[in-house]
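User: I've got a protein model open and I'd like to learn how to read it. Could you walk me through it?

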Amino acid sequence: MSFIEKITEDIKAAMKAHDHTRLEAVRGIKKELLEAMTAKGANGDLADADVFKILQKMVKQRRESAQIYIEQNRPDLAETETAQADVIAAYLPATMSAEELEAAVAAIIAKVGATSAKDMGKVMGTASKELAGRAEGKAISDCVKKLLSAM
């Protein structure tokens, strides 16, 4: 079963359960994925890494929106955004711990042959692809900077 088919089944289940928050979040996922698949230059299929990037972006957007709603004293809207972010995050693989991330980045640095902070772009390109969906871009970047500066 493809990811789109799973999302479609989850939409049906949310409709039957009358779970409006889940339904809205899952419909949003399907919309984003279909837009990415039909975008200009796309081949009509998405790799898992692309799906995870889209989902991470959606979670981040909703968490930022919730924070803004909290600052504007709108807890009702913040609660909805947070609930949707949690639903979307459930489709992502488990995130790596700091130790796992550091070990993975160290292996990538060795594989790429990076020797100084000048090689950060080379390391980040590989790390972003290999760790997509399992770690946030900022966490990867911070870890790469830390490890390269220690060399």
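**Helices and how they pack**

Analyst: Sure! Keep in mind that this is a predicted model. Helix 5 (residues 98–112) packs with helix 6 (residues 120–130) at an angle of about 130°, and their axes lie 10 Å apart.

User: What do you call the way helix 5 is set to helix 6: parallel, antiparallel, perpendicular or oblique?

Analyst: Start from the angle, which is about 130°. Roughly perpendicular stops at 115 degrees and roughly antiparallel needs over 145. The angle fits neither group, so helix 5 is oblique to helix 6.

User: Which residues of helix 6 make the contact with helix 5?

Analyst: Look at both sides of the crossing, which is right-handed. Helix 5 brings Ile108, Ile109, Lys111 and Val112. By class, the contact has 5 nonpolar, 1 polar and 3 charged residues. On the helix 6 side you'll find Lys122, Val123, Thr126, Ala127 and Glu130.

User: And helix 5 with helix 7: what's the term for how they sit to each other?

Analyst: The axes of helix 5 and helix 7 (residues 137–149) cross at roughly 60° and come within 10 Å. Roughly parallel means under 35 degrees, and roughly perpendicular starts at 65. The crossing angle falls in neither group, and therefore the two helices are oblique.

User: How many nonpolar residues are in the contact of helix 5 with helix 7?

Analyst: Helix 5 passes helix 7 in a right-handed crossing. Leu101, Glu102, Val105, Ala106 and Ile109 of helix 5 meet Ala139, Ile140, Cys143, Val144, Lys146, Leu147 and Leu148 of helix 7. Sort them by class and you get 2 charged, no polar, and the nonpolar count is 10.

User: Is Asp10 buried or exposed?

Analyst: You'll find Asp10 in helix 1 (residues 3–17). Leaving aside neighbours within four places in sequence, Asp10 is in contact with Val26 and Tyr91. The relative accessible area of Asp10 is 15%, and the cut-off for buried is under 20%. So Asp10 counts as buried.

User: Zooming out, what share of the residues is buried?

Analyst: The chain has 7 helices and 0 strands, and its C-alpha trace spans about 55 × 40 × 30 Å along the principal axes. About 9300 Å² is exposed, with carbon and sulfur atoms supplying 54% of that. Of the 151 residues in the chain, the buried share is 34%.

Notes. Residues are numbered from 1 along each chain as its sequence is written. This is a predicted model: local features need pLDDT of at least 70, side-chain atom pairs count only at pLDDT 80 or more; totals for chains, interfaces and linings use all residues. Side-chain values use heavy atoms; hydrogens and water are left out. Axes are lines fitted to C-alpha atoms, for helices over the stretch in contact, and angles run from 0 to 180 degrees between N-to-C directions. Helices (H or I, at least four residues) and strands (E, at least two) are DSSP runs, numbered from the N terminus. A crossing is left-handed if the near helix is turned anticlockwise from the far one by less than a right angle, and right-handed if clockwise. Contact means heavy atoms within 4.5 Å. Ala, Val, Leu, Ile, Met, Phe, Trp, Tyr, Cys and Pro count as nonpolar, Asp, Glu, Lys and Arg as charged, and the others, Gly among them, as polar. Buried means under 20% relative accessible area, exposed over 50%, partly exposed in between (1.4 Å probe, protein chains only). Accessible areas come from the Shrake-Rupley method with a 1.4 Å probe; for residues, only the protein chains shown count as cover.
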